[in-house]
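The following exercises are to be worked through with the sequence and the coordinates at hand. Each task is followed by a solution in steps.

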Amino acid sequence: MSILVYIEQFNGQASPVSWEVLGKAKSLAGQMGGKLAAVVIGNGVEAVANEALTYGADVVHLVEDASLAAFRIEPYAAVVEDLVKAHSPKAVLFPATTRGRDLSAVVACDLGAGLAADCSDLAVDGGELTAVRPVFSGNMLTTVRFVGPLAVASIRPRSFPTPEADGAAGEIVRSGAVMAAGDIREQIDSFEATAGGEVSLTDAKIIVSGGRGVAKDPELGFKLVKDLADSLGGAMGASRAAVDAGYIPYKHQVGQTGKTVRPDLYIACGISGAIQHLAGMGNSKIIVAINKDPEAPIFQVANYGVVGDLFEVVPALTAEFKKRL
Amino acid sequence: MNIVVCVKQTPDTAELPKISVAEVTSGDIKTTLVLNPWDEFAVEEGLQLQDRFGGDVTVVTVGEEKATEALKDAIARGVQSAVLLSDPAFAGSDAWGTATILAAAIKKNGPVDVVLAGKQSVDGNSGLVAPGLARKLGATLLTNVTKIVDVAGGKITVERQLEEGRETLTASLPAVVSVSKEINDPRYPTFMGIRKASKAQIPVWSLADLDVSAGSVGQTAALAQWTDLRKPAARSSQVVLVKEATVEATAAKLADLLMAEKVI
């Protein structure tokens with residue numbers, strides 16, 4: 001085994017970034033001259049393991065137990081560490097979701113391996129894995145090189161394309177929990193799911209964000225932003241200025257101290273484009289700026305721009321897309 | 001209850017874009033250095049836990065002498081005790097090395113119930129020290145925490161924000177808790193606090209004061225090494241301004257362009 005990929009699932013649904021990482025790992029494993037393995041942990045998650053086969057894993061370790069039904073860090077880490085010890089991969093890759101980042105850290109720390117967190121690219125150089133990661137909150141990049149026999153990395157959503165599901169030649173290997181249920185030191189008391197239909201910012205193909213430009217009527221402004229996002233099946237974002245002003249909760253914040261996003265389309269509504277905001281969305285494929293101020297820095301990074309009042313332009317755009325989509 | 005808050009001195013967020021590769025490589029960053037903005041929430045939560053449950057709050061950092069300023073910032077906000085962990089042997093440590101140093105210092109400081117940290121630093125961005133610390137201390141790990149609900153009976157109950165929603169979790173103590181921005185509104189340093197901080201004598205613990213082997217920390221022990229540090233390529237795009245006779249026509253034209261780009 002050259003690479004082991006952790007496939008994150010929640011309620012039996014794999015996170016899209018898991019497949020992006022698996023697809024990239026397929027080509028990296030080829031370059032490293034070894035097999036690609038995936039691990040799926042949960043209870044009643046065979047469908048996810050089958051899906052991993054279609055994305056090209058040579059082996060899928062399906063680890064199921066009642067104690068593994070929901071993600072908990074210690075029993076999940078014990079499973080991954082056990083597989084690494086048994087199969088000695090050269091690299092273990094994780095999606096850089098909240099859980100994936102935690103799990104990668106615990107596994108790498110326990111195994112005495114170097115870890116590159118929240119990477120945006122991976123390569124093989126001289127047979128060894130290297131990882132590119134943004135540092136200084138998106139203001140610099142570094143290529144991480146690993147010392148020692150095992151490299152661990154977590155990879156940001158949308159760093160790689162979703163692979164084609166075309167194969168299923170691999171095999172599923174089943175096993176059970178490694179840690180005794182009684183030794184688990186944490187329990188989940190409750191879970192309150194985010195409102196139905198809300199798209200996660202980091203996974204979103206389309207993001208519509210609002211900024212200080214909504215100030216004259218923040219409630220209406222963000223309703224218009226959300227309507228446009230909804231009409232496109234996208235997620236709603238915001239600038240720090242809008243979050244700090246209390247117009248919208250922090251979880252929507254894009255930028256240096258918020259989320260880093262990489263959608264196909266980013267529509268910035270009433271966002272001036274401070275460098276701190278650009279650090280979080282500058283890698284979007286197409287950027288559209290809607291702003292009253294023709295001098296706003298956002299126009300310097302935008303592909304398309306409309307100089308105008310978002311309170312007029314955004315609803316007109318929503319109406320247009322509702323006609324077409 | 002014994003609370004330790006782990007902090008880092010980092011560049012001021014507003015000045016991050018100004019930092020050059022040469023400054024980072026040489027270690028001589030010329031921007032304003034501050035208490036890592038994410039750690040302000042950890043310091044505040046430490047003080048709030050003290051208000052709620054009593055006990056002591058100690059703030060610790062690994063760094064050069066100038067990192068004392070980050071500790072003084074925490075004192076100025078109300079933390080009573082601080083320790084600087086400083087030794088040339090610590091320089092260049094990766095996250096696991098830093099976690100090793102912090103864990104040894106926390107053990108030396110005495111029994112601990114809750115260790116707090118910001119969710120990550122604004123310079124390294126890895127968020128690995130808290131998980132590393134949990135493993136080195138044998139403590140439970142709770143990240144991205146948005147609320148500490150209760151600490152009682154040897155357990156801690158928290159809410160944390162995950163991609164799919166909000167989880168309420170109970171774990172045994174001691175626990176390492178990394179906090180998110182939503183957890184509180186950090187208080188500012190007070191005038192009296194700043195005066196107190198300016199007079200504070202902050203102890204410095206070196207390698208010799210800690211149960212740490214020299215080979216487990218510093219540059220030579222780092223398992224993940226930064227190479228080829230560089231500025232990201234500037235986005236090169238020439239904006240196409242869309243302007244038609246009416247706002248509706250402008251919207252229609254923009255929709256045409258975006259559909260032609262195949263991003264919708």
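Two residues are in contact when heavy atoms of the one lie within 4.5 Å of heavy atoms of the other. The model is predicted, and every value below is computed from it.

**Exercise 1. Contacts of a loop residue**

Task: Locate Gln238(B) in chain B, decide whether Gln238(B) is buried or exposed, and state which residues Gln238(B) is in contact with, leaving aside neighbours within four places in sequence.

Solution.
Step 1. Gln238(B) belongs to the loop that runs between strand S12 (224-230) and strand S13 (240-241) of chain B.
Step 2. The relative accessible area of Gln238(B) is 69%. Exposed means over 50%, so Gln238(B) is exposed.
Step 3. With neighbours within four places in sequence left aside, Gln238(B) is in contact with Ala302(A) and Asn303(A).

**Exercise 2. A buried strand residue and the cis peptide after it**

Task: Classify Ser172(B) as buried or exposed, list what Ser172(B) touches, and describe the peptide bond between Leu173(B) and Pro174(B).

Solution.
Step 1. Strand S9 of chain B (residues 165-172) contains Ser172(B).
Step 2. The cut-off for buried is under 20% relative accessible area. Ser172(B) has 15% and therefore counts as buried.
Step 3. Not counting residues up to four places away in sequence, Ser172(B) touches Arg185(A), Thr140(B), Gly154(B) and Lys155(B).
Step 4. The bond joining Leu173(B) and Pro174(B) is a cis peptide bond, with omega about 0 degrees. Pro174(B) is placed in the loop between S9 and strand S10 (175-179) of chain B.

**Exercise 3. The nonpolar cores**

Task: State how many residues the largest nonpolar core has, which element gives its largest share, and what Ile156(B) touches.

Solution.
Step 1. The largest nonpolar core has 82 residues, and those with the most contacts inside it are Ile290(A), Leu116(B), Ile148(B), Ile156(B) and Val177(B).
Step 2. Helix H9 of chain A (residues 310-324) supplies the largest share of this core, seven residues.
Step 3. Domain 1 (3-183) and domain 2 (201-324) of chain A each contribute at least three residues to this core.
Step 4. Not counting residues up to four places away in sequence, Ile156(B) touches several residues, including Val114(B), Leu142(B), Ile148(B), Val151(B), Leu169(B) and Val177(B). Asp150(B) and Thr170(B) are also among the residues touched by Ile156(B).
Step 5. A second, separate core has 60 residues, among them Leu103(A), Trp96(B), Ala117(B) and Val217(B).

**Exercise 4. Domains of chain A**

Task: Give the distance between the domain centres of chain A and how many residues of each domain are in contact with the other.

Solution.
Step 1. The assignment divides chain A into domain 1 (3-183) and domain 2 (201-324).
Step 2. Taken over C-alpha atoms, the centres of domain 1 and domain 2 of chain A are separated by 32 Å.
Step 3. Contacts link nine residues of domain 1 of chain A with ten residues of domain 2 of chain A.

**Exercise 5. Positive phi outside glycine**

Task: For Asn11(A) and Lys262(B), report phi, then place each residue.

Solution.
Step 1. Asn11(A), a residue other than glycine, has a positive phi near 50 degrees. Asn11(A) sits in the loop between strand S2 (9-10) and strand S3 (13-14) of chain A, and is exposed at a relative accessible area of 68%.
Step 2. Lys262(B) is not a glycine either, and its phi is positive at about 60 degrees. Lys262(B) is found in the segment after helix H7 (247-260) of chain B; with a relative accessible area of 70%, Lys262(B) is exposed.

**Exercise 6. Sequence separation and spatial separation**

Task: State how far apart Ser206(B) and Val62(B) are in sequence and in space, and do likewise for Pro161(A) and Lys323(A).

Solution.
Step 1. Ser206(B) and Val62(B) are 144 residues apart along the chain, and their C-alpha atoms are separated by 9.9 Å.
Step 2. Ser206(B) lies in the loop between strand S11 (204-205) and S12 of chain B. Leaving aside neighbours within four places in sequence, Ser206(B) is in contact with Ser86(B), Asp87(B) and Phe90(B).
Step 3. Pro161(A) and Lys323(A) are 162 residues apart in sequence and 29 Å apart from C-alpha to C-alpha.
Step 4. Pro161(A) is in the loop between strand S11 (151-155) and strand S12 (171-175) of chain A, and is exposed with a relative accessible area of 66%.

Notes:
Residues numbered from 1 in each chain as written. Chains lettered and ligands numbered in written order. Predicted model: local features only at pLDDT ≥ 70, side-chain atom pairs only at ≥ 80, totals over all residues. Heavy atoms only, no water. Helix = DSSP H or I, 4+ residues; strand = E, 2+ residues; numbered from the N terminus. Buried < 20%, exposed > 50% of the residue type's maximum accessible area, 1.4 Å probe, protein only. Core = buried A, V, L, I, M, F, W, Y, C linked by side-chain atoms within 4.5 Å. Domains from an automatic or database assignment.
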